[in-house]
Amino acid sequence: MKEILNVSNAVVEYDRQGLKVRAVAGVDLTLNAGEILGLVGESGCGKSTLGKAIVGILKTAHGEIVFDGSQVKKLTRGQRPKHFRNLQMVFQDPYGSLNPRRKIGAQIADGLVVGGSSRKDALHEAQDLLEKVGLPRNAIDRFPHEFSGGQRQRISIARALAAAPTAIVADEPISALDTSSQAQVANLLVNLVEEYDMGMVFISHDLSIVRRISDRVAVMYLGKIVEIGTVDQIWNNPSHPYTRALISAIPHADGTGFMPQDLPGDVPNPMSPPSGCRFHPRCPLAMPECAEIEPAFRTLSDGRSVACHLQTEGSEPVSISIG
Amino acid sequence: MDLLTVKNLTVTLATGRGDAAAVRDLSFTVGHGEFLGIAGESGSGKTMTALSLLGLLPHKGRATGSINFDGREILTSSKREYRDLRGKEIAMIFQDPMTSLHPMLTVEVQLTEHLRHHRKVSKDAARQSALELLSTVKIPDPEAALRAHPSQFSGGMRQRIAIAMALACEPKLLIADEPTTALDVTVQAGILKLLHQLRKERNLSVMVITHDLGVLSSLTDRIMIMYAGSEVETGLTSDLLQRPRHPYTKGLIAALPGHTNDAKSSQTKRLLSIEGMPPELGNFPSGCAFHTRCNYAIAACKSELPESIQISDSHRIFCPVDPFSAKASIEGAK
């Protein structure tokens, strides 16, 4: 498997009234071609910030993000080196991410023109891309407001595809959509990843959809990844109490009256993260050492990595139950 | 007698292309102490149904039919009668507590306002009730919370405050429109637990409106599914989710990513989806509005409005084909 993206010790800071807030506080991850990596966590955990840093919309304060052999630098007014075109992003809000005053065709063609096509060829190719994402070819002459949320998200995806990406960061691409469109757009993304052998970071707060379409899952809490492993490992036998809490909170639409479990408390303010393990104030299984020592990442015998004092490097995962 | 009996409710809204029916000939009931779920995609008319109960339809919106609440007809109420009803007998909580709470007023002002209006109680008595309400919805440190502004709380806490406000005058019916959609699952679970608890303590009747069948599964006794302004299926929560009979309900449930550990579904990444999109207001197809997306549609679906078919006392569908009945599956096998 070919690695196309490598994030090591990435730190992203925001300025808040002169103070530095670490929204992403040291993240390592890799993405392979043809793979969907799900990135989950509650709002405020830094997953969107990380996604933006990966494509270069935000600057990293420390650490490295390497895409296809070269380091990603923050976007500037100048033109990016050509091969970074292949790293694209799809945003959550299909209403805010398209220009309302330009025709669909022109917006998709931009990416192709930057890639060296003539305007005329680009418009033709834009039609092919629209067809690829399940929209009619004549949509090039229409404006964003003529389309529904699901269709607009397809247009955003077509626009990303115009740059022939090898990696896409999709930030909550289906969260704003209706139930019917959610499944359709999720399927479209899965199809495209397979067809083009792309890598995709799929950012979502919805673990049940991530579980269906991803190969691996990274669980983020307050700027750090707490557990990363295959979908089966994470879903069937989570080894971090936070992962377990996220799964237990999902309601079951099975008509049995199952009551999901809540996780009291909120994600703490990243300006003053808790000492030791960042999850310890909310962790139902916290031990005294959790408040003092920050747990290092440890790789378990099944290959997953987790940052929790309950787990031991190289051992079988200790199964976690809460509540 | 049920607490709420809605009969043949039709809501017409003014659109750019003339009047259009957002809710069409809808009939349903909510019993005393019952949790009814209304599910549907955006544009299915579920929110308009709720707003018509409160007399809060948008400008130029009209409702016809009958809404019997607690033994009296309320659809013909005057503005003044609606004002006495809202907050006192029927209360509503909305999706985004940041927009339903006033950002510049303290929690105390907002929590005591309608108590003082509806109940004519003194300031001190209202304050005392507000403190009790805040502890009912499990806000830590109610004293401090009263002095705070909504922005000082997280989304989950704000929704709890909105629930406290809704409960202040002990309404008979609570309408919750997407109460947890804007929240994280971990916080959502807390709100679901709270609503469940309130129900036990207060014998509250609740109408929960959401597109999330998982939320309805945890909370409700019955579910009504809406499509393009009409009811397509209503049944007990367990019947409807486990044995859906309408092709649209079946499609919605099949499109869920699922929560079980069955290996077959984790191997395949594709979700089942209903092709096409829900129709827009003013553009609802003729006959059964779902016929354009339905794999089982017959000629009659296009021309005739479906009649209700009673499957059991509590379960009915609006589908002349009923493709998932025992009879249909025997015929299919032949």
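**Note on the predicted model: chains A and B**

1. Immediately after α4(B), the residue Lys120(B) adopts a positive phi of about 55°. The model under discussion is a predicted one. Helix α4 of chain B comprises residues 107-119, 13 residues in total, and extends 18 Å from its first C-alpha to its last, close to the 18 Å expected at 1.5 Å a residue.

2. Which residues of α4(B) are buried? They are Val107(B), Glu108(B), Gln110(B), Leu111(B), Thr112(B), His114(B), Leu115(B) and His118(B). The elements that cover these buried residues include α2, α5 (123-136), α6 (142-147) and α7 (155-167) of chain B.

3. Helix α5 of chain A may be read alongside α4(B). Its 18 residues should span 26 Å at 1.5 Å a residue, and the end C-alpha atoms of α5(A) are indeed 26 Å apart, so the expected and modelled spans agree. Of the 18 residues in α5(A), 13 are buried, and the helix is accordingly described as mostly covered. Asp197(A) follows α5(A) and has a positive phi, near 55°.

4. The interface between the two chains brings 45 residues of chain A into contact with 46 residues of chain B. Together, chain A and chain B bury about 3,900 Å², of which 50% lies on carbon and sulfur atoms. Within the area that chain A buries against chain B, 18% is supplied by Arg212(A), Ala253(A) and Met259(A), more than by any other three residues.

5. Polar interactions across this interface are also present. Between chain A and chain B, 19 residue pairs are in polar contact, with both residues at pLDDT 80 or more. Four elements of chain A give two or more residues to the side that touches chain B: α5 (179-196), α6 (207-213), α7 (231-236) and α8 (241-248). The most is given by α5(A), with 10 residues. Sorted by class, the side of chain A that touches chain B holds 16 nonpolar, 18 polar and 11 charged residues.

6. How many salt bridges does the rule find across the interface of chain A and chain B? The number is 3. A salt bridge joins Glu194(A) to Arg270(B), with the closest N and O atoms 3.1 Å apart. Over all chains, a search of the whole structure yields 29 salt bridges.

7. Two salt bridges within chain A may be set side by side. Glu42(A) pairs with Arg282(A), the closest N and O atoms being 3.0 Å apart. This pair links distant parts of the chain, 240 residues apart: Glu42(A) belongs to the loop between β3 (36-40) and α1 (47-55) of chain A, and Arg282(A) to the loop between α8 and β11 (298-299) of chain A. Glu42(A) and Arg282(A) are both buried. By contrast, Lys20(A) and Asp15(A), whose side chains form a salt bridge at 3.3 Å (N to O), are both exposed.

8. In chain B, Glu89(B) forms a salt bridge with Arg72(B), and their closest N and O atoms are 3.2 Å apart. Here too distant parts of the chain are linked: Glu89(B), in the loop between α2 (79-85) and β6 (90-93) of chain B, and Arg72(B), in strand β5 (residues 72-73) of chain B, are 17 residues apart. Glu89(B) counts as buried because its relative accessibility is 14%, whereas Arg72(B), at 35%, counts as partly exposed. Both residues belong to a salt-bridge network that links Asp70(B), Arg72(B), Glu89(B) and Lys172(B).

9. His309(A) is located in the segment after β12 (305-306) of chain A. Is this residue buried or exposed? With a relative accessible area of 18%, His309(A) is buried. The side chain of His309(A) reaches the backbone oxygen of Ile293(A) at 2.7 Å. Not counting residues up to four places away in sequence, His309(A) touches Met287(A), Glu289(A), Cys290(A), Ile293(A), Glu294(A), Pro295(A) and Arg298(A).

10. Ala139(A) occupies the loop between α3 (119-132) and α4 (149-161) of chain A. Its relative accessibility is 0%, and Ala139(A) therefore counts as buried. Apart from neighbours within four places in sequence, Ala139(A) is in contact with Ile104(A), Leu130(A) and Phe147(A). Ala139(A) and Gly105(A), separated by 34 residues in sequence, are 7.2 Å apart in space, C-alpha to C-alpha.

Technical notes
Residues numbered from 1 in each chain as written. Chains lettered and ligands numbered in written order. Predicted model: local features only at pLDDT ≥ 70, side-chain atom pairs only at ≥ 80, totals over all residues. Heavy atoms only, no water. Contact = heavy atoms within 4.5 Å. Buried area = accessible area lost by both parts, 1.4 Å probe. Salt bridge = Lys/Arg side-chain N within 4 Å of Asp/Glu carboxyl O. Polar contact = N/O pair within 3.5 Å; in protein donor to acceptor, adjacent residues only side chain to side chain. Nonpolar A, V, L, I, M, F, W, Y, C, P; charged D, E, K, R; others polar. Buried < 20%, exposed > 50% of the residue type's maximum accessible area, 1.4 Å probe, protein only. Expected span 1.5 Å × (residues − 1).
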